[in-house]
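Reader: I am new to this structure and would like a close look at a single part of it. Could you take me through that part slowly, and then show me what surrounds it?

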Amino acid sequence: MKTWNFGIIGAGLIADFHAMAIADIPNTKLIACCDVVLDKAKKLADKYSCRAFAGYEEMLKIKELDIITVATPSGLHAEPTIAAAKAGKHVICEKPLDITLERIDAMIEAHKKSGTVLGGVFPLRFNDAVASLKEAINAGRFGTITYAGAYVPWWRTDEYYKNTWRGTWKLDGGGALMNQSIHQIDMLCHLMPPIESIQAYTGRPGHPQIETEDTAVAVLRFTNGALGIIYGTTASFPGQFRRIEITGTKGTVIYTEDSFTLWQFADERPEDEQIRKRFGKITGGGGVADPAAIPYQNHTRNFKAFVDALESGKQFSITGTEARKAVEVILAIYKSAKTQKLVKLE
């Protein structure tokens with residue numbers, strides 16, 4: 001069995017999630033990491049017994065490296081991702097792929113040109129409960145879907161934003177949506193038909209010192225005629241569970257954290273009770289007020305699926321094009337909020 005050698009670019013909080021995920025997969029090995037602050041890279045390298053570099057340019061010269069994970073601030077994803085493509089390395093890039101569609105498209109094109117694979121990180125897609133919800137939608141169990149909503153009522157302290165890249169347009173690319181709520185927005189992209197149009201408002205009533213929004217609300221129309229809402233905030237003390245609600249003429253599901261607080265269909269089936277028993281208890285909740293409390297296990301599934309796709313030659317489910325969708329929606333929300341006009345998505 002081939003061992004896939006990994007390198008991590010960026011040694012902040014999320015890099016530790018990447019390192020733990022790599023350690024959990026039998027045929028993968030972390031052999032290098034880098035950060036512009038070399039001491040941070042050395043600290044991560046010491047913890048996971050790998051080599052440390054001050055820059056990704058030197059790290060990418062390692063012939064044995066197969067896969068790079070990008071864990072830098074959001075607005076610094078494109079450059080290392082494109083450099084990795086030119087070096088012949090596959091890339092798994094943290095959410096968002098980057099903060100503009102132009103930069104994301106350049107990343108996608110670089111990997112297409114080099115023949116390497118670019119994949120995104122949206123760990124929630126790999127939760128077993130999500131697979132059950134996706135199957136129910138595909139089977140038409142909701143009848144005509146009339147509404148879908150994503151809610152992220154989280155809390156972050158002023159200290160969280162102090163002296164950091166978070167909450168800046170240059171490096172965060174946004175606030176409560178681009179950083180925190182993007183996972184739930186990706187869930188809507190994954191579960192529902194494309195969004196046709198958006199009308200939105202954003203503000204920063206809870207953290208006026210930051211540049212970007214700490215609260216946003218958007219009203220959606222999907223291409224199938226369903227309506228919806230996106231609500232994301234980091235100004236809801238003490239932080240509450242995030243959830244997805246999908247309802248139609250024959251069923252309703254409320255997906256809260258990693259569980260179903262409601263799973264009900266007009267055509268009750270034997271497996272419904274099994275699903276309610278298996279996923280009826282909320283065991284998540286990490287991240288509502290502390291980003292370090294988010295479990296890393298779905299990162300492991302995300303990374304393993306990427307490696308499995310490379311080994312099988314099949315397309316990874318979260319391609320660059322797929323990961324681009326959530327960013328497109330968020331940027332449309334920002335545009336609508338700024339212009340106070342309805343924005344149509346292509």
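Author: A good place to begin is a single pair of residues in this predicted model: phenylalanine 6 stands opposite leucine 30, which belongs to β2. The strands concerned are β1, residues 4-9, and β2, residues 28-34, which run parallel and are joined by six bridges. Widening the view, β1 and β2 are among the six strands of an open sheet with parallel pairing, whose order is β3-β2-β1-β4-β5-β6. At the edges of this sheet lie β3 (51-53) and β6 (118-120), each of which pairs on one side only. Between neighbouring strands of the sheet the turn is 25° on average, with direction ignored.

Close to the start of the chain, lysine 2 lies over the face of tryptophan 4, at 4.7 Å from the ring centre. A comparable arrangement involves arginine 156, which lies over the face of tyrosine 160 at 5.3 Å from the ring centre.

Turning to rings that meet other rings, a search of the whole structure finds ten aromatic pairs. One of them joins tyrosine 160 to tyrosine 161, edge-to-face, with 4.9 Å from centre to centre and 85° between the planes; both tyrosine 160 and tyrosine 161 are buried. Tryptophan 263 and phenylalanine 265 have ring centres 5.2 Å apart and planes at 80°, so this pair too is edge-to-face. Tryptophan 263 and phenylalanine 265 are both buried, and ring pairs link them with Phe142, Tyr255, Phe260 and Phe279 into a cluster.

Key:
Residues numbered from 1 in each chain as written. Predicted model: local features only at pLDDT ≥ 70, side-chain atom pairs only at ≥ 80, totals over all residues. Heavy atoms only, no water. Pairing = 2+ DSSP bridges. Helix = DSSP H or I, 4+ residues; strand = E, 2+ residues; numbered from the N terminus. Axes fitted to C-alpha atoms, helices over the stretch in contact; angles between N-to-C directions. Phe/Tyr/Trp six-rings, centres within 6.5 Å; stacked < 30°, edge-to-face > 60°. Buried < 20%, exposed > 50% of the residue type's maximum accessible area, 1.4 Å probe, protein only. Lys NZ or Arg CZ within 6 Å of the ring centre and 35° of its normal.
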